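Got your viewer open? Let's take a walk through this model, one selection at a time.

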Amino acid sequence: DVVGISWIIPPYKRRFDAKALTQTYVTIIDGRKLRELCEINKALGYDLLKRFVSIFLDRLAKFKVVSKDIYTVSERV
């Protein structure tokens, strides 16, 4: 799964942390260098943006379901 997608949205600062509960292998990418590469290779930048937008939308949809459950007022009878 993707963790740490703040490299693509200014001001490029981390907003959340993650903690692995089991042994995990990660790939770390320098966000500044990746943005520079995307500026040089617009097709790469566009492809990455499409991929990350789908991740954003999926997480937003999941948050909507969770927040609806949290903030729904139940009526007492």
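Which helices each supply at least two residues of the lining of the second largest pocket? Keep that in mind while you get your bearings. What you have on screen is a predicted model.

**Stop 1: the whole chain.** Switch to a cartoon view. You should find 2 helices and 0 strands. Helix H1 covers 31-40 and helix H2 covers 42-71. Now turn on the surface. The chain exposes about 7600 Å², and 60% of that comes from carbon and sulfur atoms. Of the 77 residues in the chain, 16% are buried.

**Stop 2: the core.** Hide the surface and select Ile5, Trp7, Ile8, Leu34, Cys38, Leu48, Phe52 and Ile55. Together these 8 residues form the largest nonpolar core. Colour the two helices and you'll see that H1 and H2 are the elements giving two or more residues to this core. H2 has the largest share, with 3 residues. As a bit of background, nonpolar side chains tend to be buried together in soluble globular proteins.

**Stop 3: Ile8.** Stay with the core and centre the view on Ile8, one of its members. Which residues does Ile8 touch, once you leave aside its neighbours within four places in sequence? Select Leu49, Phe52 and Phe56: those are its contacts.

**Stop 4: the second largest pocket.** Time to go back to the opening question. Select Trp7, Ile8, Tyr12, Arg35, Cys38, Glu39, Lys42, Gly45, Leu48 and Leu49, which line this pocket. The answer is H1 and H2, each supplying at least two residues of that lining. H2 brings the largest share here, 4 residues. Try colouring the lining by class: you'll get 6 nonpolar residues, 1 polar and 3 charged. The pocket's volume is about 180 Å³. You've already met Ile8 at the last stop, and here it is again in the lining.

**Stop 5: the largest pocket.** Last one! Select Val2, Val3, Gly4, Ile5 and Ser6. Of the 28 residues lining the largest pocket, these lie nearest its centre. How much space lies in this pocket? About 1100 Å³. The elements giving two or more residues to the lining are H1 and H2, and H2 gives the most, with 5 residues. Colour by class once more, and the lining splits into 16 nonpolar, 5 polar and 7 charged residues. Before you close the viewer, look at Ile5 again: it sits among the residues nearest the centre of this pocket, and it also belongs to the largest nonpolar core.

Note on methods. Residues are numbered from 1 along each chain as its sequence is written. This is a predicted model: local features need pLDDT of at least 70, side-chain atom pairs count only at pLDDT 80 or more; totals for chains, interfaces and linings use all residues. Side-chain values use heavy atoms; hydrogens and water are left out. A nonpolar core is a set of buried Ala, Val, Leu, Ile, Met, Phe, Trp, Tyr and Cys residues joined through side-chain atoms within 4.5 Å. Buried means under 20% relative accessible area, exposed over 50%, partly exposed in between (1.4 Å probe, protein chains only). Contact means heavy atoms within 4.5 Å. On a 1 Å grid over the protein atoms alone, a cavity is a set of points where a 1.4 Å probe fits but cannot get out, and a pocket is an open set with protein on both sides within 12 Å along at least five of seven lines; lining residues have an atom within 4 Å of a point. Grid points are joined across faces, edges and corners, and a volume is the space filled by probe spheres set on the points. Ala, Val, Leu, Ile, Met, Phe, Trp, Tyr, Cys and Pro count as nonpolar, Asp, Glu, Lys and Arg as charged, and the others, Gly among them, as polar. Accessible areas come from the Shrake-Rupley method with a 1.4 Å probe; for residues, only the protein chains shown count as cover.
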